Amino acid sequence: MTLPAHAAFIIAAYGATIAVVIALIAWVIGDYREQKRVLAELDARGLGRKAG
Amino acid sequence: MKLSGTDLACVRAGLPIFRDVSFAIEAGQALLITGPNGSGKTTLLRLIAGLIRPTQGHIMLGGVDPEASIGEEAHYLAHQDALKPSLTVAENLGFWSRFLGPGASPEAALAAVGLDSLTGLPAAYLSAGQRRRLSLARLLAVYRPIWLLDEPTAALDADGQASLAKLMQDHLASGGIIVAATHGPLGINGASELRLSGGEPGCGPGPASPSGAREEVRGNEAVSPGRSRLAVGRITTQPQAAKRATVRQSLGSIFIRDVTIALRVGGGALMGVLFFLAVVTLIPFALGPDLALLRRVGPAVLWLGALLASLLALDRLFAADQDDGSLDLIVTSGPPLELTVGAKAAAHWLTTGLPLVVASPLFGVLLNLEPGSIGATALTLLVGTPALTLIGLIGAALAVALRRGGILLPVLVLPLTIPVLIFGVAAAHAALGGPVRFATPFTILCALTLISLVIGPFAAAATLRHTE
Amino acid sequence: MALIDLANPSRFLALVGRVLPWLALATAIAFAIGIVLVLMAPDDYQQGATVKIMFVHVPAAWLASLIWVVMSIAALGTLAWRHPLADVAAKSAAPIGAAFTFLCLFAGSMWGRPMWGTYWVWDARLTSVLVMFLMYLGLIALWHTVEDPTRAGRTAAILILVGAINLPIIKFSVDWWNTLHQGTSVFRLEGPTIYPTILAPLLVMALAFTLLFVTLHLAAMRNEILRRRVRTLRVLQAHGA
């Protein structure tokens with residue numbers, strides 16, 4: 001298959017798009033997991049220690 | 001071990017604080033400094049800690065390693081807590097443990113003060129009493145024979161004060177020394193008292209009061225040889241030697257702490273890059289969008305942006321530590337100040353200067369620079385931004401000494417950075433050909449960085465030491 | 001369930017949990033269709049295959065401005081109505097907006113180099129988008145620097161509304177000034193001037209990007225609500241001990 005002219009630029013543009021989209025999805029998912037983890041940890045302590 | 005002061009006098013900002021103060025305490029004994037507000041209790045403690053020099057008299061520490069200064073043998077607990085709000089309880093104590101000495105496990109110290117359930121909590125969420133307890137944990141985590149405490153019971157509830165009294169008794173029993181400024185009783189048996197009377201500024205031994213500003217040590221301290229002293233424990237036991245951290249360990253702990261804080265919320269990492277981008281964006285508005293012109297001035301624009309971003313980010317470098325009391329501890333109890341300052345500079349460059357270097361090629365594209373020019377400018381920035389940080393240290397130290405920040409400090413420091421700017425831009429231009437070889441200005445730039453590596457930390461350390 | 005219920009964070013979280021998988025699915029389908037249309041689209045007479053960069057550059061540009069509009073509405077919610085979720089919405093949108101603005105600039109640069117010979121010019125359209133990128137980053141820096149979310153939210157809301165002045169500048173920059181950038185082709189009163197075989201993939205990709213934004217935004221808002229819960233629990237933890 002003959003590559004179109006300026007293929008590098010087209011690939012760079014779409015490649016950046018994919019990279020940015022993946023990065024956003026990873027950020028959202030990673031942050032979600034982190035917050036859930038901390039909440040679970042605080043929850044365990046909250047139940048473990050009653051007053052004081 | 002014997003800690004003594006003879007005929008101490010102190011003048012600050014032209015006003016006499018106290019005169020003719022003398023004391024002597026030995027292992028296992030405690031000295032309480034009392035007196036009204038403004039009588040100089042804190043000043044006397046800071047004098048003993050080595051943060052201030054007395055105008056008269058001297059303090060002596062006998063019986064321990066003669067090379068050691070008092071600061072290295074003592075813990076100083078000031079009004080401020082020396083805690084970083086963005087670090088957790090465990091991280092705060094962990095830092096001081098590593099910085100001050102090969103500490104006992106911080107967990108044991110936290111348990112002793114009742115904070116072991118809060119280890120993961122950022123210090124910003126702590127109440128005043130909890131912060132004070134965390135500061136006390138520092139005294140337990142690393143052993144130092146002398147404790148200098150400034151109103152240690154402040155913010156502690158009754159339980160906290162009782163625990164503190166027990167901790168102090170234990171310390172005395174193992175042969176330690178405590179000097180504490182306090183308004184009220186601390187619950188230690190058999191402590192001597194040194195009462196500072198204060199009085200109006202400028203007063204000498206006044207006619208109305210026979211003692212005036214002259215003080216004496218009172219209490220059960222006066223003994224003659226042969227008479228037994230108060231039994232506060234095994235008084236013949238000498239205290240253990242203070243265990244100190246290796247220089248590398250202390251420097252490493254400061255470096256990691258500063259990088260960690262910069263990367264957390266409120267830390268301000270990458271702010272310099274944003275400012276850099278703003279400057280680069282601003283230039284074409286002023287110069288016009290003439291691409292040929294921008295290509296010619298591009299390296300200079302990048303250098304100016306990096307210079308301004310570096311300098312503006314520096315003035316809180318030491319001021320933040322001064323505000324929370326960490327600077328006092330770092331100056332008195334750690335490795336040589338020049339090295340510590342260098343470690344902080346390294347952390348600052350990593351989080352502020354290096355991002356500028358990494359971002360510069362992208363901004364070079366905006367300024368229409370050709371690839372060779374971009375590469376050369378980035379390389380000169382890589383070598384030159386450390387110089388900017390190191391020279392900027394002087395401004396940061398001045399911000400502490402003058403107790404003011406703002407625009408004044410960059411203004412003072414800018415002239416010193418001019419040689420770096422000149423040779424940085426010259427090297428970037430020379431890389432594209434022309435009469436000057438790249439190597440000539442580039443090696444001079446490297447030399448400037450190496451010189452600043454010496455001058456910056458030394459000048460900054462000298463400035464910090466002479467801050468009152 | 002009335003709209004007012006969305007103001008309740010817990011109800012909002014439940015809603016997001018139910019809706020998110022469907023949104024993600026819709027996004028994926030839209031992108032799939034869009035990619036197919038992009039591959040099938042004919043090459044341009046003059047530009048060749050490079051014109052296909054337009055299918056990511058233009059939607060990214062639209063979204064960059066759209067997200068600022070969303071943030072502006074949220075900012076009004078914070079300042080005028082004190083809606084509890086308003087500053088959550090604004091804070092969550094900013095990183096997504098910054099990412100799309102960057103994408104717009106980068107893809108445009110990749111398009112500009114082969115077509116017009118330069119990666120960048122300082123013309124009105126490009127410069128105003130770069131300024132918007134700078135403002136997005138400044139907003140993120142603000143939220144990252146101020147510890148208290150409420151105070152940060154109010155300051156940010158003012159900055160968002162002030163920054164909204166940039167939106168008409170971006171839109172009309174190609175009309176008001178002589179620029180290298182192409183004039184308006186789609187959102188015109190007279191109707192679009194683009195050939196349908198190019199218009200179809202463009203609109204589908206724009207829809208896909210928009211669905212992607214909505215999905216990411218709701219997920220990010222959920223994360224922010226959880227983050228604030230953590231903060232509250234930490235405060236309680238400190239007081240309890």
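# Briefing on a predicted three-chain model

Strand E3 (residues 30-34) of chain B pairs with strand E8 of chain B in the parallel sense, over 4 bridges. The model is a predicted one. Chain B is divided into domain 1 (2-218) and domain 2 (247-465). Chain C has 7 helices and 0 strands, and the secondary structure of chain A comes to 1 helix and 0 strands.

**The pairing of E3 and E8 in chain B**

- Within the pairing of E3(B) and E8(B), B:Ile33 has B:Leu194 as its bridge partner.
- Strand E8 of chain B covers residues 192-195, and its side chains alternate along the strand.
- B:Ser192 and B:Leu194 point to one face and are buried.
- B:Glu193 and B:Arg195 point to the other face and are not buried.
- Such alternation between the two faces of the sheet is what a regular strand shows.

**The three-stranded sheet of chain B**

- An open sheet of 3 strands in chain B has the order E2-E1-E4, with antiparallel pairing.
- Strand E2 (15-26) and strand E4 (56-62) of chain B stand at the edges; each has a single partner strand, so one side of each is left without a neighbour in the sheet.
- On average, neighbouring strands of this sheet are turned by 15° against each other, direction ignored.
- Strand E1 (residues 2-12) of chain B is joined to E2(B) by 8 bridges, and the two run antiparallel.
- In this pairing of E1(B) and E2(B), B:Gly5 stands opposite B:Phe23 of E2(B).
- Helix H1 (residues 41-49) of chain B packs on the sheet and touches E1, E2 and E4 of chain B.
- The direction of H1(B) makes about 125° with that of E1(B).

**The two domains of chain B**

- The centres of domain 1 and domain 2 of chain B, taken over C-alpha atoms, are separated by 38 Å.
- The contact between them takes 18 residues from domain 1 of chain B and 20 residues from domain 2 of chain B.
- On the side of domain 1 of chain B that touches domain 2 of chain B, helix H2 (70-73) and helix H3 (89-100) of chain B each supply at least two residues.
- H3(B) gives the most to that side of domain 1, with 4 residues.
- The residues of that side of domain 1 divide into 10 nonpolar, 4 polar and 4 charged.

**Helix H5 of chain B**

- Helix H5 (residues 128-141) of chain B has 14 residues.
- From its first C-alpha to its last, H5(B) reaches 20 Å, close to the 20 Å expected at 1.5 Å a residue.
- 12 of the 14 residues of H5(B) are buried, so the helix is largely enclosed by the rest of the structure.
- Among the buried residues of H5(B) are B:Arg131, B:Arg132, B:Arg133 and B:Arg138, as well as B:Leu134, B:Leu136, B:Leu139 and B:Leu140.
- Within chain B, the buried residues of H5(B) pack against strand E5 (74-77), H3, helix H4 (106-113), strand E6 (146-150) and helix H6 (158-173).
- The buried residues of H5(B) also pack against helix H7 (196-240) of chain C.

**Positive phi values in chain B**

- B:Asp20 is found in strand E2 of chain B, and its phi is near 55°, a positive value in a residue other than glycine.
- B:Asp20 has 18 other C-beta atoms within 10 Å and is partly exposed, because a buried residue would have 20 or more and an exposed one 12 or fewer.
- B:Ala155 lies in the loop between E6 and H6 of chain B, and its phi is near 75°, again a positive value in a residue other than glycine.
- B:Ala155 is partly exposed, with 17 other C-beta atoms within 10 Å.

**Chains A and C**

- From the N terminus on, the elements of chain C run α-α-α-α-α-α-α.
- The C-alpha atoms of chain C fill a box of roughly 70 × 35 × 30 Å along the principal axes.
- Of the 241 residues of chain C, 39% count as buried.
- For contacts in chain C between residues at least 6 apart in sequence, 78% join residues at least 24 apart.
- Chain A has 52 residues, and 12% of them count as buried.
- Chain A places 23 residues in contact with 30 residues of chain C.
- The residues on the side of chain A that touches chain C divide into 16 nonpolar, 4 polar and 3 charged.

Methods
Residues are numbered from 1 along each chain as its sequence is written. Chains are lettered from A and ligands numbered from 1 in the order in which they are written. This is a predicted model: local features need pLDDT of at least 70, side-chain atom pairs count only at pLDDT 80 or more; totals for chains, interfaces and linings use all residues. Two residues are in contact if their C-beta atoms, placed from the backbone, lie within 7 Å. Ala, Val, Leu, Ile, Met, Phe, Trp, Tyr, Cys and Pro count as nonpolar, Asp, Glu, Lys and Arg as charged, and the others, Gly among them, as polar. Two strands pair if DSSP finds at least two bridges between them. Axes are lines fitted to C-alpha atoms, for helices over the stretch in contact, and angles run from 0 to 180 degrees between N-to-C directions. Domain bounds come from an automatic or database domain assignment. The expected span of a helix is 1.5 Å times one less than its number of residues.
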